[in-house]
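Trainee: I'd like to take a close look at one part of this model with you. Could you walk me through it and then connect it to the rest?

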Amino acid sequence: MAWDTARTKQLLLDAAVEEFAEFGPEGARVARVATRAGVNKERIYQYFGSKEKLFVAVQESELQKIAAAVPLTAEQAQDLGDYAGRVFDYHRAHPHFVRLLAWEGLQYQDRVVAESARTGHYDEKIAAVARAQKSGALNDEVGAGQLMHAVIALTASWFTLPQLASMLIPAVAGAGPEAQRESLVTLVRRLTA
């Protein structure tokens with residue numbers, strides 16, 4: 001029986017997503033990734049080269065998934081509240097993603113995984129927001145890049161800083177994810193009107 005390299009790599013990536021989300025790049029262990037995947041840990045080094053390169057592969061894969069799942073076209077940018085809601089839904093369905101980003105920020109401060117590709121992706125979003133601002137659909141008092149950063153930060157904060165929401169807006173935080181989503185969408189719409 002021939003070895004299914006693609007399947008083995010995917011098993012390792014899937015296991016690594018959970019491991020890195022839980023423990024971060026520094027705390028993750030290749031032995032646990034291999035055990036979760038049901039694969040010999042030597043395959044990690046064979047396919048990815050190192051734990052750091054495995055983390056990079058995980059980040060790149062997960063970034064591609066969210067980019068495909070939650071696009072922002074020029075038309076969609078006219079309602080950034082809706083976009084924030086869709087990103088919220090993605091994070092709710094894939095809680096590991098925002099954790100991976102948080103770990104990257106905490107432990108990779110001197111480098112960014114796939115920085116050039118990500119910058120290009122964000123440049124497209126910023127351009128879409130700028131077009132919506134130019135058309136009058138969005139407030140233009142704040143630069144498009146700052147506005148995009150604010151929307152991303154507000155959305156991610158529901159998952160990375162839930163304790164803050166509990167203290168600042170306890171009624172919304174305690175009302176559950178649907179109320180949190182609605183609060184986010186409404187806030188972003190008010191900020192961008």
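Is Leu54 buried or exposed?

Mentor: Leu54 is buried, and its relative accessible area comes out at 0%. Keep in mind that we're looking at a predicted model, so every value here is computed from that prediction. Leu54 sits in helix H4, so let's start with that helix and work outwards.

First, the overall frame. The protein chain has eleven helices and zero strands, which reads along the sequence as α-α-α-α-α-α-α-α-α-α-α. Its C-alpha atoms fill a box of roughly 60 × 35 × 35 Å along the principal axes. Of the 193 residues, 37% count as buried, and Leu54 is one of these.

Now stay with helix H4 and look at a charged pair there. Lys65 makes a salt bridge with Glu62, and their closest N and O atoms are 3.0 Å apart. The two are three residues apart in helix H4, which means about one helical turn separates them. The partners differ in cover: Lys65 is partly exposed at 38% relative accessibility, whereas Glu62 is buried at 3%. Buried is anything under 20% relative accessible area, so Glu62 falls on that side of the cut-off along with Leu54.

Helix H4 also helps to build a pocket. The largest pocket has a volume of about 800 Å³. It is lined by 34 residues, and those closest to its centre are Leu63, Leu101, Arg118, Tyr122 and Ile152. The elements giving two or more residues to that lining are helix H4 (51–69), helix H5 (80–93), H6, H7 and helix H8 (144–160). H8 supplies the largest share, with nine residues. By character, the lining splits into 19 nonpolar, ten polar and five charged residues.

Two of those wall elements, H6 and H7, are worth a stop on the way. In the loop between helix H6 (95–107) and helix H7 (115–134) you'll find Ala114. Check the backbone there: Ala114 has a positive phi of about 50°, although it is not a glycine. Ala114 is partly exposed, with a relative accessible area of 24%.

Helix H5 is another contributor to that pocket, and it has charged pairs of its own to look at. Arg86 bridges to Asp82, with the closest N and O atoms 3.2 Å apart. Both lie in helix H5, four residues apart, or about one turn of the helix. Asp82 is partly exposed at 31% relative accessible area. The other pair reaches out of the helix: the side chains of Arg181 and Asp89 meet in a salt bridge at 2.8 Å, N to O. Arg181 belongs to helix H11 and Asp89 to helix H5, so this pair ties together parts that are 92 residues apart in sequence. Asp89 is partly exposed too, with a relative accessible area of 32%.

For context, a search of the whole structure turns up eleven salt bridges. Elsewhere, Glu19, Glu22, Arg32 and Arg36 are linked in a network of them.

Helix H11 takes us to a second pocket. The second largest pocket has a volume of about 220 Å³. Its lining includes Leu154, Trp158, Leu161, Leu164, Leu168, Ile169 and Leu187. H8, H9 and helix H11 (177–192) are the elements that give two or more residues to it. That lining divides into nine nonpolar, two polar and no charged residues, while the lining of the largest pocket has five charged ones.

Some of those names come back on the surface. Leu161, Leu164, Met167, Leu168 and Ile169 make a nonpolar surface patch of about 480 Å². Leu161, Leu164, Leu168 and Ile169 also line the second largest pocket. Ile169 lies in the loop between helix H9 (162–168) and helix H10 (170–173), and is partly exposed at 34% relative accessible area.

One last distance brings us back to your starting residue. Leu54 and Met167, a member of that patch, are 113 residues apart in sequence and 37 Å apart in space, C-alpha to C-alpha.

Note on methods: Residues are numbered from 1 along each chain as its sequence is written. This is a predicted model: local features need pLDDT of at least 70, side-chain atom pairs count only at pLDDT 80 or more; totals for chains, interfaces and linings use all residues. Side-chain values use heavy atoms; hydrogens and water are left out. Patches are made of residues with over 30% relative accessible area and no salt bridge: like charges are joined within 9 Å, nonpolar side chains (Val, Leu, Ile, Met, Phe, Trp, Tyr) within 5 Å. Accessible areas come from the Shrake-Rupley method with a 1.4 Å probe; for residues, only the protein chains shown count as cover. A salt bridge is a side-chain nitrogen of Lys or Arg within 4 Å of a carboxyl oxygen of Asp or Glu. Buried means under 20% relative accessible area, exposed over 50%, partly exposed in between (1.4 Å probe, protein chains only). On a 1 Å grid over the protein atoms alone, a cavity is a set of points where a 1.4 Å probe fits but cannot get out, and a pocket is an open set with protein on both sides within 12 Å along at least five of seven lines; lining residues have an atom within 4 Å of a point. Grid points are joined across faces, edges and corners, and a volume is the space filled by probe spheres set on the points. Ala, Val, Leu, Ile, Met, Phe, Trp, Tyr, Cys and Pro count as nonpolar, Asp, Glu, Lys and Arg as charged, and the others, Gly among them, as polar.
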